[in-house]
Amino acid sequence: MDELLEQFLIEGRELVQLAVDDLLALERDPADAARIDSVFRAVHTLKGSAGLFDCAPMTRALHAAEDLLGAVRARRLAADRGVIDALLACISANEAWFASITRTGTLPASAEDEAEGLCAALRAPLAVPDHAEHGTAASNREWLTPLFDRARTMLPDGDAALETAVTAIRYTPAADCFFLGDDPMALARSIPGLLYLHIAVREPWNLENFDPFACNVRFAALSTAPAADIRQVFQFLPDQIEILPLRRNEFGANLSDRPETGDLADDIALRTLRVDASRIDALVDLVGELIVAKNSLAHLVGRAAATDLTLARALAASQAEIERLAAAMHRAAMGVRTLPLERTFRLLPRLVRDIAAALGREVVFDIAGGEVTADKSIADALFEPLLHVLRNAVAHGIEPAAVRRAAGKAEAGRIGLKAARSGDQIVIAVSDDGAGIDPSKIRAAARARALISDAAIDALTDHQATQLIFTPGFSTASAVTNISGRGVGLDSVRASVAALGGSVSLASAIGAGSTVSISLPQAVAVTSVMVVRAGTELFGVPMDVVAEVTRVPSARILPIRDGEAFVLRNRTVPLLRLSSLLHTEATPRGSTDARVLIVAFGDQRVGVEVDSLGDRADVMLRPLTGLLSSMPGVLGAALMGDGRVLLVLDLPELIG
């Protein structure tokens with residue numbers, strides 16, 4: 001693909017998303033002048049960029065959108081729902097056209113018809129005919145004859161000078177060009193090879209309502225420079241300029257059939273370095289191999305200490321330096337792949353709006369935590385599961401306005417999307433203030449679909465019953481629609497999240513709403529773990545969940561009902577054995593002190609007794625795959641320096 005076209009597609013998608021953000025914000029606050037200016041600039045820039053390529057339908061549609069936004073900026077028109085709908089339809093069409101250009105290199109065959117429909121919809125609020133555009137083929141050519149007549153009388157050499165003219169230019173600045181930062185006179189004077197320049201009034205002056213900030217002039221010029229050089233000057237004003245190449249000795253009589261419009265410069269300064277994602281992936285993999293190799297040094301230091309202390313100390317010093325460099329290299333490599341979640345979140349408000357409109361719901365959608373960062377693979381893969389959860393929240397979480405009004409709620413439902421960091425995990429919560437999930441309906445649907453036995457259904461708690469919505473094939477919908485209901489296909493959400501090394505949970509209260517929480521690793525990252533032993537097996541425990549490590553005399557461990565506890569700094573702390581949590585054979589405690597990890601569990605502290613404590617290690621944590629991917633209480637696996645595989649435990653999940 002041509003590099004300039006590729007740059008256009010990249011920047012075009014950014015401008016499309018910026019316009020969508022501004023339009024959705026305007027729907028909430030139609031008087032927000034900053035948003036109006038921002039979306040106008042985005043559409044104006046996008047239209048100017050499209051002028052460089054064979055994208056006439058795109059340019060026409062964007063020009064109509066710009067006219068509509070100009071009326072909103074001038075306060076001649078309110079940014080009501082109809083205006084926002086028309087503008088969003090135009091932006092959506094441009095988004096689809098970008099996708100077509102990416103796939104095939106051209107606009108789809110239907111682009112002309114689509115553009116006609118968009119222009120009609122965009123100009124309807126203005127009551128302006130679709131053909132009322134600047135710089136189109138329908139523009140008059142009568143201005144050429146007077147221009148040559150004036151030039152012939154004003155130029156010293158008359159006809160001889162005109163024989164050198166190769167291009168005619170007519171420049172009609174926008175009325176609000178001063179507010180856009182344009183200087184029409186400076187632009188006109190900068191025309192290369194300028195032979196003759198005429199300045200005229202565009203409309204008769206209205207002295208009673210004179211606006212000194214409105215531009216009311218038009219420039220006509222002749223130049224000896226080719227059209228390409230002149231387009232360079234007016235690269236950002238394609239809709240305000242007409243450039244007509246001339247044939248010598250046929251002034252104005254033998255013009256091209258279609259005026260050429262200004263476009264972007266041929267050379268766009270590179271502001272970023274684009275690197276193929278596979279190269280970054282390869283770099284991250286190499287850093288992971290380096291960390292595994294680095295861990296083997298600790299094993300060598302231990303072996304050297306048994307024979308030569310001097311050599312052991314030298315190796316330990318080298319190990320510390322290599323660890324520092326490896327950690328810095330890993331942070332740098334992962335920083336390249338790390339993106340803010342806002343990149344994914346920004347795509348969702350328009351979709352929530354469309355789904356709500358299709359279902360006749362009023363929804364207020366709030367987003368928080370977009371600045372939280374995650375690995376690119378995680379940020380990209382989040383879109384589909386989040387969209388599925390949001391679709392179900394709108395369709396079956398938020399009640400119709402009449403039902404909400406009868407329940408004493410605001411007619412507009414509220415859905416919140418919030419991201420936060422919890423240790424080395426990212427927690428994304430989608431909450432709604434809708435009807436909530438009725439466990440009795442879940443049990444009835446499970447019985448009707450024979451998902452599990454009746455006895456198993458009766459034994460479920462309400463919380464366990466609500467989790468059935470993640471079971472493959474579960475649905476409470478009474479009819480099939482193109483908008484999925486709560487629980488329909490949510491097993492795919494859990495599967496998608498599990499493939500990323502995460503988990504999904506649901507909390508709901510009847511009449512108060514529901515919250516779906518998605519917990520994910522921030523990235524495939526270096527994790528500091530403490531190596532512990534339970535029975536004969538070694539496990540890793542992330543350091544960030546261990547508040548402290550202590551020894552507790554066995555005499556201070558007291559039985560409480562079915563469990564045990566001890567007192568730590570005048571506070572009773574429940575005690576659990578790791579071997580019991582893992583259902584492995586326990587080593588008898590005897591009369592020795594118990595080695596206890598104090599784990600932060602919400603606002604509580606819980607003691608976890610282990611059989612022995614090992615060293616701290618930095619490991620590359622990898623999520624489990626295949627049959628082990630759904631194993632509870634395990635964050636992932638890591639390869640140790642001596643070649644052993646270490647399971648890294650999720651203690652809060654094991655305890656909970």
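The expected span of a helix is 1.5 Å times one less than its number of residues. I'm starting with that because I want to check a helix against it.

**Ground rules.** I'm looking at a predicted model, where local features need pLDDT of at least 70, side-chain atom pairs count only at pLDDT 80 or more, and totals for chains, interfaces and linings use all residues. Residues are numbered from 1 along each chain as its sequence is written, and side-chain values use heavy atoms, with hydrogens and water left out.

**Helix α13.** I picked residues 348-359 (helices are DSSP runs of H or I, at least four residues; strands are runs of E, at least two; both are numbered from the N terminus). The 12 residues should span 16 Å, and I found the end C-alpha atoms 17 Å apart, which agrees.

Next I looked up burial (buried is under 20% relative accessible area, exposed over 50%, partly exposed in between; 1.4 Å probe, protein chains only). In α13, Leu348, Arg350, Val352, Arg353, Ile355 and Ala356 are buried. Their cover includes α1 (3-28), α4 (81-104) and β8 (413-422), counting contact as heavy atoms within 4.5 Å. Right after α13 I noted glycine 360, with a positive phi near 70°.

**Strand β1.** Here I checked residues 167-171, and five of the five are buried. Side chains in a regular strand alternate between the two faces of the sheet. In β1, Thr167, Ile169 and Tyr171 sit on one side, Ala168 and Arg170 on the other.

Which strands does β1 pair with (at least two DSSP bridges)? I found β4 (241-245), antiparallel over five bridges, and β3 (217-223), also antiparallel over five bridges. Alanine 168 stands opposite leucine 244 in β4 and has leucine 222 as its bridge partner in β3.

Definitions and conventions. Pairing = 2+ DSSP bridges.
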